[in-house]
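Trainee: I've got a protein model open and I'd like to learn how to read it, one feature after another. Can we go through it together?

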Amino acid sequence: VGDEIEGGGKVLYIGKAGVNVTAENLEPNKVYYFAAFSKDANGNYSSLFAGVDVITNGVLPYQFLVEDMYNFITCGRELEGASVDKKINGFYFGPAIAGNEYYLTTQWLDIAPSKVRLVFDMNMYIWGRFGSNAYNEWVDDEKLLFEYTTNETEWTTFATIDKTNAPQYATFDEFVNRRVEFEKTDDTPIKIRVRWLPVTGQVRFYLKDLRIEEKKECDYPVDLKAIDVVGDQATLTWEQQGTETQWVINWKLQSDSVWTEVLADSRSYKLSGLPGRSVIEARVAAKCSAESQSDWSNVISFTSGYVLPFTETFDEASLPAGWDLKEGALTDSTEFTEGVNWVWFSTWRMKTLMLNPTSPLDSWVLFPAVNFTDAAVNYNLSFTITNAMQEEGGDEVIKIVVSKDGGKTFKASDVVYTVANADLPGDGDTKTYTTTLKGLEGSVRIGLLVTGTTAAKTLML
């Protein structure tokens, strides 16, 4: 008894059948597989066996891992006509049918008396013949209920999401993080259930990354974001869940193992000196007293901006972050609309920006904002243009426009370089152009504008 079995596992008991066998020292929130074999007088084991799989009670912090726990929780619907499936470490409910109830129930949880919080990501969208849309218009009687039970018969609702507090989605595939809480007053094991009562048909509901944790007095910050990512700088912002007035910030390169630590006295902090075009990870914790610090927030990652000098070869799967495509006639107060003529073109052979020859033409490629630290230092700007296809005529020209306020304004007086129509590459040809940028300091954004009344060239940048 206790010997390891080849291939994994341990022998718990050898003896007569019909005896109760106790497996001790099992870990919480784990799936265990048990099997009973017959054994003859010669020590031979049967090829068949009686088996049972069990999951032990969960404890906090509890992470719902779908692949491990799918067979040990209860999920489903009260009526037929919809499905509940595993999806991105979560569950998919729908398409909704009015009157149905959809639910997800955990295994038994051993939770001591404490404040308890559920944290999860949710998404709702409604399917249509011509595309899916975010579902933001909840109606009366439509609810998402959070409940617990001590006996699987009587359920207590401790939180509700309805039309008064429903999350709003910017896109049909966006997930929103939500948190709900309750107070547990005794040691009785409980099960927790999420129950959806839809009213509107064809709505799909995703619930993922569900975890259950103790809400501590010194609580961790939430909604950590990186904004204003320009050059070697980025600003971190977050929301607090307590009354703390100081925070600890960690950041590092994703490829590193050692964190850099700084203190902040407000709910935002500007990082500087970041390496250019690198994946940065960051997290934040509340400093509740000299001796007390909260758990860490979720780790976020973002890509730092461009740092001079840089080369962009457009070899990623999509247009790199920080580049924008716009339309707008160049004036002393240029106004932009979303770009339609410059498009990202990607195949296994090439990745490039391609300009559709649409007349008239006022199409921009806006470079990422970059910090110029010394006006006495000049930089060369080089760019390569290929003429992929030439039609008759055409009067388009290329202008390089420099915005000295980080991209807030682009003015006709800010043109620093022009490629005349006659100097553009011929059909199937490629040319590289270079100009010197002088006297620039602070946040600068460069715009490459192709303008003309008649467009005849399919250009690639």
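Mentor: Let's begin with what Ser403 touches, where contact means heavy atoms within 4.5 Å. Leaving aside residues up to four places away in sequence, Ser403 touches Lys408, Thr409, Phe410, Ser443, Val444 and Arg445. Before we go on, keep in mind that this is a predicted model: local features need pLDDT of at least 70, side-chain atom pairs count only at pLDDT 80 or more, and totals for chains, interfaces and linings use all residues. Residues are numbered from 1 along each chain as its sequence is written, and side-chain values use heavy atoms, with hydrogens and water left out.

Trainee: Is Ser403 buried or exposed?

Mentor: We go by relative accessible area: buried means under 20%, exposed over 50%, and partly exposed in between (1.4 Å probe, protein chains only). Ser403 has 0% relative accessibility, so it counts as buried. You'll find Ser403 in strand β29 (residues 397–403). Helices (H or I, at least four residues) and strands (E, at least two) are DSSP runs, numbered from the N terminus.

Trainee: Which polar contact joins the side chain of Ser403 to another side chain?

Mentor: A polar contact is a pair of N or O atoms within 3.5 Å; within protein, one must be able to donate a hydrogen and the other to accept it, and residues adjacent in sequence count only if both atoms are side-chain atoms. Here the side chains of Ser403 and Asp405 are joined by one of 2.7 Å. A polar atom of the Ser403 side chain also lies 2.7 Å from the backbone oxygen of Thr409. For another case, try Asn100, whose side chain makes a polar contact with the side chain of Tyr102 (3.1 Å). Asn100 sits in the loop between β6 (90–94) and β7 (102–105) and is buried, with a relative accessible area of 2%.

Trainee: Now sheets. What is the strand order in the open sheet of five strands?

Mentor: Start with pairing: two strands pair if DSSP finds at least two bridges between them. The order in this open sheet is β24-β25-β33-β28-β31, with antiparallel pairing. At the edges stand β24 (342–346) and β31 (430–437), each with a single partner strand, so one side of each has no neighbour in the sheet. From one strand to the next, the twist averages 30°. For such angles, axes are lines fitted to C-alpha atoms (for helices over the stretch in contact), and angles run from 0 to 180 degrees between N-to-C directions.

Trainee: How many bridges link β24 and β25?

Mentor: Five, in the antiparallel sense, with β25 covering residues 351–355. Among the partners, Ser346 is matched with Lys351 in β25.

Trainee: And what does a hairpin look like here?

Mentor: Take strand β15 (residues 222–230) and strand β16 (residues 233–239), which pair in the antiparallel sense over five bridges. Ile227 stands opposite Thr235 in β16. The hairpin has two residues between the strands, and Gly231 takes a positive phi near 55°. Two residues of β15 that aren't glycine deserve a look as well: Asp223 has a positive phi of about 55°, and Asp228 has one near 50°. Asp223 is partly exposed at 35% relative accessibility, whereas Asp228 is exposed at 57%.

Trainee: Where is the cis peptide bond that involves Pro61?

Mentor: That bond joins Leu60 and Pro61, with omega about -5°. Another cis bond runs from Ser359 to Pro360, with omega near -15°.

Trainee: Last topic: how many aromatic pairs are there?

Mentor: Rings of Phe, Tyr and Trp (its six-membered ring) pair if their centres lie within 6.5 Å; planes under 30 degrees apart count as stacked, over 60 as edge-to-face and the rest as tilted. By that rule there are 23 aromatic pairs. In one of them, the rings of Phe383 and Tyr417 have centres 6.4 Å apart and planes at 80°, so this pair is edge-to-face. Phe383 belongs to strand β28 (residues 379–390) and Tyr417 to strand β30 (residues 415–419), so the pair ties together parts 34 residues apart in sequence. Phe383 is buried at 4% relative accessibility, while Tyr417 is partly exposed at 22%.
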